[in-house]
Amino acid sequence: MNGAETPRDVTVVGGGLAGCEAAYQLAQRGLHVRLVEMKPHKRTPAQTSDRMAELVCSNSLRGAALSNAVGLLKEELRRVGSLALRCADETAVPAGGALAVDRERFAEAMTRAIEAHPRIAVERREVTEIPAARPVILATGPLTSDALAASLAAAVGAEHLAYYDAIAPIVSADSIDWSRVWKQSRYGKGVVARGERPAPAEDAAERRDEAEAGDEAYVNCPFDEAQYKAFVRALVESEKVEARAFEEVRYFEGCLPCEVMAARGEQTLAFGPMKPVGLTDPRTGRRPYAVLQLRPEDEAATAYNLVGFQTRMKYAEQLRVFRMVPGLEEAEFLRMGSVHRNTFVNAPVLLGPAMELRALPGVHLAGQISGVEGYVESAAAGFVCAVLLSQRLRGEPLRPPPPTTALGGILTHLGRPQPSYQPSNITWAHIAPLEPAHGKLRKRARYEVMAERALRDLDVWWAEAEGRGAA
C-alpha cells in the first residue's frame with residue numbers, strides 16, 4: 001500500500017482454507033480484515049473442532065510432483081507466500097509422493113497465524129445474510145448455511161446456485177483409443193472418421209464458429225448389444241461410496257448417478273445419456289446399439305468428460321467399469337466422478353474478472369462456493385481473490401496470474417462457459433497448452449515443460465504485479 005492511502009476494512013466470511021488464505025493475503029497487503037467464523041457457536045455436521053482451516057475429510061493435499069497439476073499449484077503457492085502451504089509444509093507427515101499433514105497441527109498453525117496477525121480481527125458469530133459492508137469475500141465452503149445460501153440465491157437467482165455436486169469423470173485425450181471412436185454431433189453434423197483425432201480449434205473464434213454450425217465436438221464410443229448389457233450389469237453390481245452421516249442423499253432427476261439410472265432398468269441408459277439416435281458409426285455405416293459420448297473439457301481438447309456419467313462408484317470401481325467403454329480401455333482419468341452435497345454458484349455466468357458477483361459489486365466469492373474442488377484449490381482461490389481485490393483497492397489495473405500457470409488455471413475454470421457448470425480440481429486442461437513449436441511430446445515430458453513454463457511466468461508476474469504489494 002502507498003503511505004498516502006488509508007487502509008480499508010475488508011470482511012471475509014468463513015474461516016476455512018479459502019477464507020484464511022484470503023484474510024492473510026489481504027492483511028499482508030496492509031488492509032484491515034474482519035474474519036467472521038461461526039464456530040464455536042455453530043458447526044456444520046462435518047466439523048468437529050473449533051479451529052480454523054479444519055480438514056474435515058482426508059489429510060492429504062495430494063501429489064507433489066511438478067508433472068502433476070496439483071503439484072504445480074502447490075509449488076506456485078509456495079513461491080508467492082501462501083499461508084496454507086507454509087503451514088502444510090511445517091506440519092507434513094510421511095505420505096510417499098503426496099503432501100499430507102497432521103490435521104490437528106495444521107489447523108492449529110493456521111488458527112495461530114490468523115489470530116496473531118495485527119491486521120486481522122476474528123469475530124466468532126454466524127452470518128445469515130450477505131453483509132452490507134463492502135468489500136466482502138464469501139468463503140463459506142460447500143456446506144454454506146441454509147440462511148446464507150438463501151440470501152445468496154435471492155441475490156443471484158436460485159437457478160444459478162446448486163445445492164448438490166454432480167461430477168462426471170474426465171479423461172485425458174492422449175489416453176483415448178482414437179481407432180475405436182469417432183467425432184460426430186447428432187444427425188451427421190461435424191463428422192470425423194474413426195481413427196482420426198479431432199484437431200483442436202485454433203482459437204476461440206473458430207470454436208464459436210463450430211458451435212454455431214452445430215458441431216459440439218462430441219466423441220462417440222460405440223457399444224454393441226453384448227457390450228452394453230455387460231456395462232449395465234457392471235454399473236449395477238459395482239461398489240458405491242456410502243453417504244456420510246451429514247449428507248442428505250437427494251438425487252435430482254436431471255443429474256442422477258449413472259448406476260441409479262442403470263438400476264431402473266436395463267434399457268434406461270440406452271434411452272437416456274447413451275441413446276444412439278442421430279449417430280452413424282463410420283466403420284459399419286450403421287447406428288450403434290448404444291453410445292457413450294465424450295465432450296471436450298477445454299478449448300484445446302486435451303481432456304474429455306463422460307457426458308451424463310456422474311457417479312457414486314468407488315474410485316477403483318470407476319476405473320474398472322469405465323475402462324469397459326470402447327476406446328477407454330487404457331484411459332487416464334484426470335478427475336473421478338462423484339455426487340455429494342455441495343453449494344456453489346454458476347461462476348462463469350455470475351462472477352467478473354475479480355471473482356466479484358456481477359449483480360452485487362463489492363461481493364467476492366472464494367473457495368468451493370465458487371466452484372473449485374479440493375483443499376489446495378480452495379486455498380488457491382482464496383489467494384487469487386485476495387490478490388485481485390487488493391489490486392483493485394490500490395487503484396491498480398487488475399493483473400491476474402497468467403493462464404499458463406496453475407493459479408491462472410483457477411480463473412480459467414471459473415470463467416470457462418459450460419453447458420452445466422461443475423466444480424473441479426485443477427487439471428492440465430485448465431492450463432494453457434504448449435505452443436506448436438514445442439513439437440509432439442510424450443505426456444509426462446509435456447507436463448514437465450508446461451510446469452517449467454508456468455514457474456517462469458509466475459516469477460515474472462509476481463515480481464511485476466504483486467511482489468511490491470505484499471508486506
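**Figure 1. Helix H1 is a mostly covered helix in this predicted model.** Let's begin with how much of H1 is hidden: twelve of its twelve residues are buried. The helix covers residues 17-28. Among the buried residues you can find Leu17, Ala18, Gly19 and Cys20, and the list also includes Glu21, Tyr24, Gln25 and Gln28. From its first C-alpha to its last, H1 reaches 16 Å, close to the 16 Å expected at 1.5 Å a residue. After the helix comes Gly30, with a positive phi near 90 degrees.

**Figure 2. Helix H2 crosses helix H12.** Look for residues 69-79, which make up H2, and residues 406-415, which make up H12. The two axes come within 8 Å and cross at roughly 115 degrees. Angles from 65 to 115 degrees count as roughly perpendicular, so H2 is roughly perpendicular to H12. Which residues in H2 and H12 meet? On the H2 side they are Ala69, Leu72, Leu73, Glu76 and Leu77, and on the H12 side they are Ala406, Leu407 and Ile410. Sorted by class, this contact of H2 with H12 has seven nonpolar residues, one charged residue and no polar ones. A handy reminder for reading any α-helix: there are 3.6 residues a turn, so residues three or four places apart point the same way.

**Figure 3. Three strands form an open sheet, with helix H3 lying across them.** In what order do the three strands of the open sheet come? Follow them as E3-E5-E4, with antiparallel pairing. Strands E3 (60-63) and E4 (92-93) are the edge strands, and each pairs on one side only. Strand E5 (residues 98-101) is joined to E4 by two bridges. To trace a bridge yourself, start at Ala92 and find its partner in E5, Val101. As general background, strands of a sheet pair through backbone hydrogen bonds, either parallel or antiparallel. Helix H3 (residues 83-90) lies across E3, E4 and E5, and runs at about 85 degrees to E5.

**Figure 4. Arg62 and Met355 each have a positive phi.** Neither of these residues is a glycine. Arg62 has a phi near 70 degrees and sits in strand E3, an edge strand of the sheet in Figure 3. For Met355, phi is near 60 degrees. Met355 is in the loop between helix H10 (347-350) and strand E17 (363-365). Is Met355 buried or exposed? Met355 has a relative accessible area of 1%, so this residue is buried. Arg62 has 26% relative accessibility and therefore counts as partly exposed.

**Figure 5. A cis peptide bond leads into Pro135.** The bond in question runs from Arg134 to Pro135, and its omega is near 0 degrees. Where is Pro135? Pro135 lies in the loop between strand E6 (120-124) and strand E7 (136-138).

**Figure 6. Gln391 is a buried residue of helix H11.** The helix spans residues 375-393. Gln391 has 1% relative accessibility; buried means under 20%, so Gln391 counts as buried. What is Gln391 in contact with, leaving aside its neighbours within four places in sequence? Its contacts are Glu396, Pro397, Leu398, Arg399, Ala465 and Glu466.

Key. Residues are numbered from 1 along each chain as its sequence is written. This is a predicted model: local features need pLDDT of at least 70, side-chain atom pairs count only at pLDDT 80 or more; totals for chains, interfaces and linings use all residues. Side-chain values use heavy atoms; hydrogens and water are left out. Axes are lines fitted to C-alpha atoms, for helices over the stretch in contact, and angles run from 0 to 180 degrees between N-to-C directions. Helices (H or I, at least four residues) and strands (E, at least two) are DSSP runs, numbered from the N terminus. Angles under 35 degrees count as roughly parallel, over 145 as roughly antiparallel, 65 to 115 as roughly perpendicular and the rest as oblique. Contact means heavy atoms within 4.5 Å. Ala, Val, Leu, Ile, Met, Phe, Trp, Tyr, Cys and Pro count as nonpolar, Asp, Glu, Lys and Arg as charged, and the others, Gly among them, as polar. Two strands pair if DSSP finds at least two bridges between them. Buried means under 20% relative accessible area, exposed over 50%, partly exposed in between (1.4 Å probe, protein chains only). The expected span of a helix is 1.5 Å times one less than its number of residues.
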